[in-house]
Amino acid sequence: MRLCIKNARHLEAPVDLLVDDNKIMTMTPAGHHAAPEGCEIFDACGLVLMPSLIDAHVHLREPGFEYKEDVASGLEAAARGGFGAVMCMANTKPVNDTASVTRHMLDRARQSHPHGPRLLPIAAATIGLKGETMAPLAELKEAGCVAVSNDGRPLENTELVRRIMEYGADLGLILIDHCEDPHLGRGWIMHEGDVSGLLGLKGQPPAGEALQAARDIMLAEYLDIPVHIAHVSAALTVDIIRWAKERGVKVSAETCPHYLLLDETALENYSTQSKVSPPLRTAHDREALREAVKTGIVDILVTDHAPHAAHEKDGTLDEAPCGFTGLDLALSLTWALVDEGVLTESDAHRLWCRRPAEIFGLPWNGFAPGDPADFFLFNPEEAWIPSRETMYSKSLNTPFLGQTLRGRVKHHWMGGRKLF
Amino acid sequence: MNTENRYHWPHKDLLDVTQLSRPDTLHLLDLAASFQEINTRPVKKVPTLKGKTVVLFFVEDSTRTKTSFDVAGKRLSADTFALGKSGSSLNKGESLKDTALTLQAMSPDVIVIRHSSSGAARYIADLLPCGVVNGGDGWHAHPTQALLDCFSLRQAWDNTFEDRTLLILGDIAHSRVARSNIHLLTSLGVRVRICAPRTLLPAGVDHWPVEVYTNLEKAVRDVDAAMCLRLQLERQQAGLLPDLAEYSRRFCLGLGHMELARPGAKVLHPGPMNRGLEISDDMADASASLVLNQVAAGVATRMAVLYLLATRNDGGRA
Ligand SMILES: [Zn+2]
């Protein structure tokens, strides 16, 4: 089956895309070649053509917390947000520390979204995420896990971190570490700084993140094994990663759009919608992160999609759980940065597709012949307002709720087949 | 109360002193002064708030503040009833939201809330149409305490705040009393100093409008008043202090310290006092101590607050 997408815009240039079966055949300047005989034609009418994105850090809540989100609703939000693959963290109930849980997740994905987006489970690093005993990583890898992480429960035991890195390396499982000193600022509600001081809220110093990142980096250098630093929020952490990369340490890192757009002042009205882990930090941290994603010191963007039910976020700040919903919003938020001139369209491809694929060894679409035909058409001008009506995730926990965003995914194909 | 004809109180709630303009504060203090006179009469009751209902919703325990609001409401003839964590369904796992909505169903005119979470009073105020008074929320704000302290100081200082210096001594980081007092008194022109070990100072204190000291002898020099804060004993368990004896050696306010202050300088304490820990026994009972004046001022100030909120919708006056 052949498909021709005509008159799309790719990196500012008008293009036609030819798909043969489930692979990219050619991408040519628009109107250059006539579509082959018997080819289905789709006129993109100038919409932006992008490769399906990869989100290396989501929480889909199934099994165990389906009232917040389930695999079906999470993948639907992913598809609508432009994502062709999502890597889901293991803090479900039960925890994804045995093959049966991995298989359950994959079965659910196959049932609800047989043609994509792809679900790529991340193995729990330790049994029950308790930080005590290494999980059976070979079994988990065999069942379909693509990386390993203790996300949600920072690893305190450095010896164990070393052994997980070593054991995972043999299996091709890279450790994604949630870096947070478990003692520094224990019980925190937000970033420790001017705003926490005025509001009378317990704060978390950014040094807690940088300390653990530094620990992981020292181990990565000593062992010569790669490590991936999850959701970097602080300028100090960026400095440590830059230093490590200059030394040639195999370290990669991610951050989320919200750390590039918001800061601690989002909590000034005690809004639980702005409570996230790691916390929103200062304007200085935000600027450092913008620079870091621009220059590639922080390699990729992720959503850290962390859905919660409305009633859980409705209360006082200390009771409310941390986390934002992200899959529906990520591309619009990224485009806000493109509009601002912080990023380019090509940066968006690198941060959301090429680099995550490189780091985690995943297939990706660079629009070269033979690449998987995973792509979508995006209208960067379309304004929309995140609400129950416009979002596909079960959860509405985002500080952007009710604000006008720009940029909407209009159509999405995976393996050459139209998802919507 | 002759300003009343010209002045209109604009606030539905009293959540934090930061919402008060200077005219708001001065009006409130004047009103409190007129109510204090009632408290000296043989029959200490006026019908001003007859038919009004005041709910004292104290999720975090506080005998002092609760009693003070209770007395204030009753002196104005309001019906007051108190509900604590055990009396409400919060114990049974009910959310704060549902408990608040239940209270609202009883149609109170004012709810006074005390809660251990910073921001809790604001949360309730946004939720409910009745007036909400923050009776203390977490480490954040305690506006009526600041107002009563201000009232006591105004009397002690003959109505002048300019050129006065106040020292606040003790656990600033975890103190809603300190936050509210610093804001209110600096807004009236008082110079404020704070003194504590660094572990009990809040993040960002360098950007506060205060002078920061870690040495009590230096901090107390030439002040017009010193306010001791109650030290929570769990600060030692939290690793913020080595031991309480060492704390008291460095930061317990005694009579000797006040000799370094300006003549006639006063001492305040929001109570209950840990005698011998943050304030010496003889200091607590000295003539410079305003502690009992503060208690009396508390009733008068809270009468003013309840009056302003409960009569807000009565065409400006009761
Ligand atoms: Zn995390």
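A residue is taken as buried when its relative accessible area is under 20%. By that criterion D151(A), with a relative accessible area of 3%, is buried. The structure discussed here is a predicted model, and D151(A) makes a good starting point for a look at its metal site.

In this model the zinc ion is coordinated by D151(A) through OD, H178(A) through ND1 and H231(A) through NE2, at 1.9 to 2.3 Å. Along the sequence these donor residues follow the spacing D-x26-H-x52-H. Distant parts of the chain are linked by the pair D151(A) and H178(A), which lie 27 residues apart. D151(A) sits in the loop between strand 9 (147-149) and helix 4 (158-171), while H178(A) belongs to the loop between strand 10 (175-177) and strand 11 (190-191). H178(A) is buried too, its relative accessible area being 6%.

D151(A) also appears in the UniProt record, an unreviewed entry, whose "binding site" annotation covers H57(A), H59(A), D151(A) and D304(A). Although these residues span 248 residues in sequence, no two of their C-alpha atoms are more than 10.2 Å apart, so they gather at one spot.

Two of the annotated residues can be followed further. H57(A) is placed in strand 6 (residues 53-58) and counts as buried at 0% relative accessibility. Its side chain makes a polar contact of 3.0 Å with the side chain of D151(A). The residues touched by H57(A) include M87(A), M89(A), H231(A), E254(A) and D304(A).

D304(A), for its part, is found in the loop between strand 15 (300-301) and helix 10 (310-313), and at 7% relative accessibility it counts as buried. Among the residues that D304(A) touches are H57(A), H59(A), H231(A) and C256(A).

Terms used. Residues numbered from 1 in each chain as written. Chains lettered and ligands numbered in written order. Predicted model: local features only at pLDDT ≥ 70, side-chain atom pairs only at ≥ 80, totals over all residues. Heavy atoms only, no water. UniProt positions renumbered as here; feature names shortened; annotations may be inferred. Helix = DSSP H or I, 4+ residues; strand = E, 2+ residues; numbered from the N terminus. Buried < 20%, exposed > 50% of the residue type's maximum accessible area, 1.4 Å probe, protein only. Contact = heavy atoms within 4.5 Å. Polar contact = N/O pair within 3.5 Å; in protein donor to acceptor, adjacent residues only side chain to side chain. Donors = N, O, S within 2.8 Å, 3.2 Å for Na, K, Ca; no water. Lists of a residue's contacts leave out its neighbours within four places in sequence.
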